Amino acid sequence: MSDFGRAAAAADDVERDLDLAWELFAAQPAHPEVAELALRVLAAQPERSSVSLLLANHREVCGETEEARRLYLRVAGRRDRQFVNAARALRHLAFAERDHPEALRWAHTVLAEEHENWDDWVELGSAQALCGEHEDGWRQLDEAVALCARTTPDELPTALGKRAAYLLASFAPPDRFVPAAEEAVRADAANSWVALMLGWSYLVQYRFTDAEQLGLRLLRENPTEGLLQGLVEMARTMLRIVENAHAQDITLEDIRRTGVIELGWRQLRDQVLGTDLASALAALDDVMPADLRAALRPGVPISDVPGGDKLGSGVAEDLVAWHDGQQPGSGAAWGSAEPFRLMSAAEIIAMSAEIEADQAAHPDWPENEVWEQVMTDDAGAYLVMVAFGAIVKRRPGHPDEPVAESMADWVWDRVADFGGRDPRPAPRKTGASPEDLTPVPGTPSPGRR
């Protein structure tokens, strides 16, 4: 065979390997032969950026994020035709790692190269909102949907679903999320995840009949889904309360004051997004200082706690199951300004029984209000969960002082203090984006810890 013939045969082999690699990746993205085929192609043609991206995609799917990042950055550094795809991949990787500022930098980088793709604009809006530019980000999501409707109307159901999902991920309030979710469900009735969150949003808006009807429709499609069953049960409970309000001496205003529905919505949202209390406690376990770890007692299943039914179900049960209290006097190990420590199940139950036995002697603990004491400074002050899940500091003879929006938020703050990654959206801010979030195309920047 001539040199030309051998070169042609080798080129054919490379193309066959490449085609097979792409086909295999589409069917089984984590299959080890994807890497073998891609590496064979790169050995023959190391300059092919598209193959490096394929290999990086495979590494990312396999959980090898650092190797994937290295390959994406190498392609981006070439500034060839695959640059924007590498930038999109780095944007996706930053989102997956909850590194919101880095995702925003790469979102801007992509749009410095291309402006026509609605999906690039919706990703920018998501990154803006997660970085604290909520109103700008949410407005950008709306504009991206409008762009999709003008340019690629066949993709509008996807764009509407993404907008709803990103509003939820950036902690948009129900009155902002509901219209977007309703539009997404009208466009794609099969989007059961958005529909579920819409149903719970109806509850927060006290639209109990709408929530019941939506839940029943979804249950016909998926009759064993526990979250849907819970939605319907809650809606029907609220409808019964409304119907029998006078007989039960319970009004809607009474329910509003407890914040129980809003708390349920936030807990479900946080569970879906991985920002709930359980996720926060797991993250805390990974970064907890040794002195704090030594001060905490082992967790106890609620079924093993004498009188465990007296524990509050809002957060106390979860905390006791994680760690059943903390050694007295060790609150400083949390590194906060005030030395609050976890209370044990026995301490919580005994204190609650004492308050119940003589309500008049405990005016700071009203009988008709929601509260769960979970931490103490051993000097008469407590951290308490109250209505709407908020955490306050309670001291005798003083008004409650706000501490955190929820117990999950309090724990995530500790995770961040101890050097862990905080997955929550940044707090809302106003004004223009800070200049330090403007990227230099092709140049990555360090993200959040």
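Of the 449 residues in the chain, 47% are buried. The model is predicted. It comprises 21 helices and 5 strands, and its C-alpha atoms fill a box of roughly 100 × 50 × 45 Å along the principal axes. Among contacts with a separation of 6 or more, 58% join residues 24 or more positions apart.

**Helix pairs**

Two helix pairs are described here. Helix α7 (residues 118–130) packs against helix α8 (residues 134–151) at an angle of about 165°, and their axes are 7 Å apart. That angle makes α7 roughly antiparallel to α8. The contact involves W118, W121, V122, L124, G125, S126, Q128 and A129 on the α7 side, and H134, D136, G137, W138, Q140, L141, A144, L147 and C148 on the α8 side. The crossing of these two helices is left-handed.

In the second pair, the axes of helix α12 (residues 208–221) and helix α13 (residues 226–243) cross at roughly 150° and come within 8 Å. Angles over 145 degrees count as roughly antiparallel, and α12 and α13 are therefore roughly antiparallel to each other. The α12 helix also passes α13 in a left-handed crossing. From α12, the residues F208, T209, A211, E212, G215, L216, L218 and L219 take part; they meet L228, Q229, L231, V232, A235, R236, M238, L239 and V242 of α13.

**Helix spans and buried residues**

The table sets the end-to-end C-alpha distance of three helices beside the span expected at 1.5 Å a residue.

| Helix | Length | Expected span | C-alpha end-to-end distance |
|---|---|---|---|
| α8 | 18 residues | 26 Å | 26 Å |
| α10 | 14 residues | 20 Å | 19 Å |
| α20 | 13 residues | 18 Å | 18 Å |

For α8, the two values agree; for α10, the distance is close to the expected value; for α20, there is again agreement.

The buried residues of α8 are H134, G137, W138, Q140, L141, A144, V145, L147 and C148. Their cover includes α7, α9 (156–169) and α10 (174–187).

In α10, the buried set consists of P174, F177, V178, A180, A181, E182, A184 and V185. Elements covering these residues include α9, α11, α12 and α16 (260–273).

Helix α20 (residues 345–357) has A345, I348, I349, M351, S352 and I355 buried. These residues cover an arc of only 165° around the axis, which puts them on the same side of α20. An α-helix has 3.6 residues a turn, so residues three or four places apart point the same way. On the other side of α20, A346 and A357 are exposed. The buried residues of α20 pack against one helix, α19 (316–322), and against the strands β2 (371–376) and β3 (382–386).

**A buried serine**

Where does S201 lie? S201 is located in helix α11 (residues 192–204). Its relative accessibility is 0%, so S201 counts as buried, the cut-off being under 20%. Leaving aside residues up to four places away in sequence, S201 touches P174, F177, V178 and W265. Among these neighbours, P174, F177 and V178 appear in the buried set of α10, and α11 is one of the elements that cover that set.

Conventions:
Residues are numbered from 1 along each chain as its sequence is written. This is a predicted model: local features need pLDDT of at least 70, side-chain atom pairs count only at pLDDT 80 or more; totals for chains, interfaces and linings use all residues. Side-chain values use heavy atoms; hydrogens and water are left out. Helices (H or I, at least four residues) and strands (E, at least two) are DSSP runs, numbered from the N terminus. The expected span of a helix is 1.5 Å times one less than its number of residues. Buried means under 20% relative accessible area, exposed over 50%, partly exposed in between (1.4 Å probe, protein chains only). The arc is that of the directions from the helix axis to the C-beta atoms. Contact means heavy atoms within 4.5 Å. Axes are lines fitted to C-alpha atoms, for helices over the stretch in contact, and angles run from 0 to 180 degrees between N-to-C directions. Angles under 35 degrees count as roughly parallel, over 145 as roughly antiparallel, 65 to 115 as roughly perpendicular and the rest as oblique. A crossing is left-handed if the near helix is turned anticlockwise from the far one by less than a right angle, and right-handed if clockwise.
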